[in-house]
Amino acid sequence: MASLLQDRLTTDQDLLLMQEGMPMRKVRSKSWKKLRYFRLQDDGMTVWHARQARGSAKPSFSISDVETIRNGHDSELLRSLTEELPLEQGFTVVFHGRRSNLDLVANSVEEAQIWMRGLHLLVDLVTSMDHQERLDQWLSDWFQRGDKNQDGKMSFQEVQRLLHLMNVEMDQEYAFSLFQAADTSQSGTLEGEEFVQFYKALTKRAEVQELFESFSADGQKLTLLEFLDFLREEQKERDCTSELALELIDRYEPSDSGKLRHVLSMDGFLSYLCSKDGDIFNPDCLPIYQDMTQPLNHYFICSSHNTYLVGDQLCGQSSVEGYIRALKRGCRCVEVDVWDGPSGEPVVYHGHTLTSRILFKDVVATVAQYAFQTSDYPVILSLETHCSWEQQQTMARHLTEILGEQLLSTTLDGVLPTQLPSPEELRRKILVKGKKLTLEEDLEYEEEEVEPELEGEHESELALESQFETEPEPEPQEQNLQIKDKKKVVTCPLFCPSICCQIVTQAPISKPEFLLLSQQKSKNILCPALSSLVIYLKSVSFRSFTHSKEHYHFYEISSFSETKAKRLIKEAGNEFVQHNTWQLSRVYPSGLRTDSSNYNPQELWNAGCQMVAMNMQTAGLEMDICDGHFRQNGGCGYVLKPDFLRDNQSSFHPERPISPFKAQTLLIQVISGQQLPKLNKTKEGSIVDPLVKVQIFGVRLDTARQETNYVENNGFNPYWGQTLCFRVLVPELAMLRFVVMDYDWKSRNDFIGQYTLPWTCMQQGYRHIHLLSKDGISLCPASIFVYICIQEDLEGDES
């Protein structure tokens, strides 16, 4: 693939023009628009920019960091500047993770198209690379960085500098011996293939060679039967057949003669270990493998809090980009806080703060466009409505007109169901969660105070945390509208929006009457047109588990602050579990988290809470757990809860789990690391001292952490060879997080990379763990090599 890239760089007209460089306007805001000269580097993998055509250039971005390219019409920022900058000449570079987009405006439509086509081509080439091709490209990148005078050759002095850049502390004599062995031309420099040979000598994996030879009769190859023995004995592939072993040989053996003889060489063996099949994450859990026909309340649902924010909750920016990022990472429940806006158009922002505002209709349009790009399973719009009657009607109109057939506006079969529909039944449907009117008695309007209908989840978010602990959630009680109109009886079944809409027709409220109702303590009543769009997800306030059993229905959902939810788990954990077997629960972060930090979602999943909302714009341990949990099942945003969290007679208590859970013992031998990234890239002499920390998150009794010793001055191929042991009572709920840290005796250890996955998706045997950055982006080829063994605990059940 690297050669294919080089071919394209010399033949593709767009790429050739990009390598010459072009001036473009870089746009950061309405007031920041600066001319810069952008150029694709000769490696085809990096774009640099300078302030002047021949000025000093510096890196702008790497192609491997680019997720996609959007045209100017799809840029939120460029659309706001249409009077100054032509949209046809603009485009947006969208990066993986949480990095801000790069908005550029070319001097002509043609030049914009050149860059868009060229970048699309390069991104497609990088995305389609396999592990070996990525490694080849990674080597090419390092060669470019090490070849300081750009003459296509590397002297030993340049190699020494490169070793420090690559996190290698090596004896100079030994390094020189490897250099001389690779210099087959005896030119005193290393060129293309010679550098590759030098790298292979540098990365020789003694621990893998030893493992290979332990199963190979001649130490040169693994026969089909020998490889089959390895798969069954060490990799615990109990059902592995000769056909599967042969398929793996065909897939990973580089030589055609080896494939013909059905043998695996050392290179093929290492290629297998570094592949998806040799990964710690079971490839069987990567596609959608769970039953998707059960009711919605039987699933954990990937959920976002304050989705519109890309920063903090006091002064941060509101942007449709928050919805795009959440939906593209598989989020299935997004939050929309809606307030009255100018010109009759509702706006979305964090109320009573300095966060910026975006139009509600833009949010709806964004959801319509991106809802099902990653997953076909239903998306839930969690509405926090603070609008007047008129603007609620505008909200209802936008939802209906923009979402069209995507919007679920009636029950699937038009009749009252007895349970929530399944994700499978709701494929490609958008559901509205919010308050809903109930009219079950004579409607009589009198000029008296009417208790308003509000969603109100955030009304008290900035109050003291102690208030959360002592007061019920600030969700209002259901309202009965009283309208005097010849004492007509108009009933509104929950699932019949057409009758809901008839309320206004049969008993219209005049403008003066509406104004009177609107003046009640500056609060707003709920508009029937908006109410009618709430079908299966009617928001109700939580009083107690007993009250819910006696008065609520399966189609009603309650929201809990993290503080209240955690308190309920401690005080009535089993009741909470049983509550969540028949009704949906949504948990949201404390109002004191003004920095958009997160709680640990595992604590809430342990009680069966389905919608544990996260501030997805904030990286860290908590989001690693969330991302790891929803990495399984095709990343579709729905994960089936364990059976003991779906049984309405369940005796499970997350704080005190008892039989029939059988504990398991997990042995993890942390063997070695490979090509760990350099933390301080500005200091060439700085080399990491890596250690590995293994964390388990689950029920309280299972939560634990252990770590290895650190390896001094070696981030390139550190060897630990240490075994860690954990005893886990409820593996069905356990998450594992592997973290590589740079040891620092003076201060806190620095983060290098991590990988998090569910216990149930973990493969046993010799496995590579491919590390991710803080933003969840691949750090390829950085990895750690481990041996995993799971044993049934002989101590018996926990009681």
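Guide: Two residues are in contact if they have heavy atoms within 4.5 Å of each other. This is a predicted model, in which local features need pLDDT of at least 70 and side-chain atom pairs count only at pLDDT 80 or more, while totals for chains, interfaces and linings use all residues. Residues are numbered from 1 along each chain as its sequence is written, and side-chain values use heavy atoms, with hydrogens and water left out.

Visitor: Let's start with helix α6: which elements do its buried residues pack against?

Guide: Helices (H or I, at least four residues) and strands (E, at least two) are DSSP runs, numbered from the N terminus, and buried means under 20% relative accessible area, exposed over 50% and partly exposed in between (1.4 Å probe, protein chains only). In α6, residues 156–165, the buried set is F156, E158, V159, L162, L163 and L165. These residues share one side of α6, because they cover an arc of only 160 degrees around the axis (taken from the directions from the helix axis to the C-beta atoms). Their packing partners are α5 (131–146), α7 (172–182) and α8 (192–202).

Visitor: And which residue with a positive phi follows α6?

Guide: Look just past the helix for a phi near 75 degrees. The residue there is N167.

Visitor: Is S382 buried or exposed?

Guide: S382 belongs to strand β15, residues 379–386. Beyond its neighbours within four places in sequence, S382 touches C333, V334, E335, V336, K433 and R586. Its relative accessible area is 0%, so S382 is buried.

Visitor: How many residues apart in sequence are Y199 and F716?

Guide: Phe, Tyr and Trp rings (the six-membered one for Trp) pair if their centres lie within 6.5 Å, and planes under 30 degrees apart count as stacked, over 60 as edge-to-face and the rest as tilted; the count comes to 27 aromatic pairs. Y199 and F716 are edge-to-face because their planes stand at 90 degrees, with the centres 6.2 Å apart. Both residues are buried, Y199 at 6% relative accessibility and F716 at 1%. Y199 sits in helix α8 and F716 in the loop between β24 (704–707) and β25 (719–728), so the separation their pair spans is 517 residues.

Visitor: What is the centre-to-centre distance of F215 and F230?

Guide: F215 is in helix α9 (residues 206–215) and F230 in helix α10 (residues 224–233). Both belong to one aromatic cluster, whose members include Y252, F269 and F785. Their pair is edge-to-face, with 85 degrees between the planes and a centre-to-centre distance of 5.3 Å.

Visitor: Which residue has its charged end over the ring of F785?

Guide: A charge sits over a ring if NZ of Lys or CZ of Arg is within 6 Å of the ring centre and within 35 degrees of the ring normal. Over F785, the charged end is 5.2 Å from the ring centre, and the residue is R205.

Visitor: Are K538 and E556 buried or exposed?

Guide: Their side chains meet in a salt bridge (a side-chain nitrogen of Lys or Arg within 4 Å of a carboxyl oxygen of Asp or Glu), here at 3.6 Å, N to O. K538 lies in strand β17 (residues 534–539) and E556 in strand β18 (residues 556–561), so the pair ties together parts 18 residues apart in sequence. K538 has 4% relative accessibility and E556 has 4%, so both count as buried.

Visitor: Which residues are linked in a network of salt bridges?

Guide: One bridge joins E424 and R427, with the closest N and O atoms 2.8 Å apart. E424 is partly exposed at 32%, and R427 is partly exposed at 33%. The network consists of D376, E424, R427 and R428.
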